Amino acid sequence: MADLLDRLLAKRRIVGECWEWTGGKTNGGYGHVSVGGRKGGMRRVHVLMADLCSVPGSGPLVLHTCDNPPCFNPAHLFRGTKTTNALDASDKGR
């Protein structure tokens, strides 16, 4: 796990309070990285960070308080559901 954390932090650019991923990104701008070789596949960086840092909340999704897709700062992440995500977007006028 420490190796994975080091690998993620090596691709971090700090912009304000966000930790932006400088490696590969999805079309939506989320950082993604290969884990576990060919069988492991690609994983979203913010989800990996949430798992590594035990981000609080309940639900299968990892959401951003900063609304910045490449951000993987654990202080900006929380767990939720599709409903939580929709309510968060509505509260922010999106």
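A residue is called buried when its relative accessible area is under 20%, exposed when it is over 50%, and partly exposed in between. The exercises below concern a predicted model.

**Exercise 1. Decide whether Gly-41 is buried, exposed or partly exposed, and place it in the chain.**

Solution. Step one is the classification: Gly-41 has a relative accessible area of 26%, and because this value falls between the two cut-offs, the residue is partly exposed. Step two is the location, which is the loop between helix H2 (37-40) and E4. Step three is the surroundings: once neighbours within four places in sequence are set aside, Gly-41 is in contact with Val-33, Ser-34 and Val-35. As a last step, consider Val-15, which is 26 residues from Gly-41 along the chain and whose C-alpha atom is separated from that of Gly-41 by 28 Å.

**Exercise 2. Describe the order of helices and strands in the chain, and decide how its radius of gyration stands against the globule rule.**

Solution. Begin with the elements, of which the chain has 4 helices and 6 strands. Reading along the sequence then gives the pattern α-β-β-β-α-β-α-β-β-α. The radius of gyration is 13 Å, whereas the globule rule gives 12 Å for 94 residues; the two values are close, so the chain is as compact as a globular protein of that length. For the dimensions along the principal axes, the C-alpha atoms fill a box of roughly 40 × 30 × 25 Å. Two further values complete the overview: buried residues make up 34% of the 94 residues, and among contacts with a separation of 6 or more, 40% join residues that lie 24 or more positions apart.

**Exercise 3. Work out which residues of H3 are buried and which elements they pack against.**

Solution. The first step is to list the buried residues of H3, which are Val-45, His-46, Leu-48, Met-49 and Ala-50. It helps to recall that an α-helix has 3.6 residues a turn, so residues three or four places apart point the same way. The second step is to look for the partners of this buried set, and these are helix H1 (2-9), E2, strand E3 (32-34), strand E4 (42-44), E5 and E6. The third step follows the chain out of the helix, where Ser-54, just after H3, takes a positive phi of about 50 degrees.

**Exercise 4. Find where Ser-54 and Asp-67, two residues with positive phi, lie in the chain, and state how exposed they are.**

Solution. As background, most residues other than glycine have a negative phi. Ser-54, which is not a glycine, nevertheless has a positive phi; this residue lies in the loop between H3 and E5 and is exposed, with a relative accessible area of 61%. Asp-67 is likewise a residue other than glycine, and its phi is near 55 degrees. The location of Asp-67 is the loop between E5 and strand E6 (77-80), and its relative accessible area of 34% makes it partly exposed. Asp-67 is also one of the residues touched by Asp-88, a residue of helix H4 that is buried, at 15%.

**Exercise 5. Explain why Cys-71 forms no bond with the closest cysteine sulfur.**

Solution. The bond in question is a covalent one between the sulfur atoms of two cysteines. The cut-off needed here is a sulfur pair within 2.5 Å, and by this rule the count comes to 0 disulfides. Cys-18 is in no disulfide, its nearest cysteine sulfur being that of Cys-71, 3.8 Å away. For Cys-71, the closest cysteine sulfur belongs to Cys-66, and because that sulfur is 3.8 Å away, it is too far for a bond. Accessibility is a separate matter: both cysteines count as buried, Cys-18 at 11% and Cys-71 at 1%.

**Exercise 6. Describe the lining of the largest pocket, and determine which element gives the most to it.**

Solution. The pocket has a volume of about 290 Å³ and is lined by 15 residues, with Tyr-30, Val-62, Leu-63, His-64 and Asn-85 lying nearest its centre. Two or more lining residues come from each of helix H3 (45-53), strand E5 (61-64) and helix H4 (82-91). Of the elements, E5 gives the most, with 4 residues. Sorted by character, the lining divides into 7 nonpolar, 4 polar and 4 charged residues.

Technical notes
Residues are numbered from 1 along each chain as its sequence is written. This is a predicted model: local features need pLDDT of at least 70, side-chain atom pairs count only at pLDDT 80 or more; totals for chains, interfaces and linings use all residues. Side-chain values use heavy atoms; hydrogens and water are left out. On a 1 Å grid over the protein atoms alone, a cavity is a set of points where a 1.4 Å probe fits but cannot get out, and a pocket is an open set with protein on both sides within 12 Å along at least five of seven lines; lining residues have an atom within 4 Å of a point. Grid points are joined across faces, edges and corners, and a volume is the space filled by probe spheres set on the points. Ala, Val, Leu, Ile, Met, Phe, Trp, Tyr, Cys and Pro count as nonpolar, Asp, Glu, Lys and Arg as charged, and the others, Gly among them, as polar. Buried means under 20% relative accessible area, exposed over 50%, partly exposed in between (1.4 Å probe, protein chains only). The radius of gyration is taken over C-alpha atoms; the globule rule is 2.2 Å times the number of residues to the power 0.38. Contact means heavy atoms within 4.5 Å.
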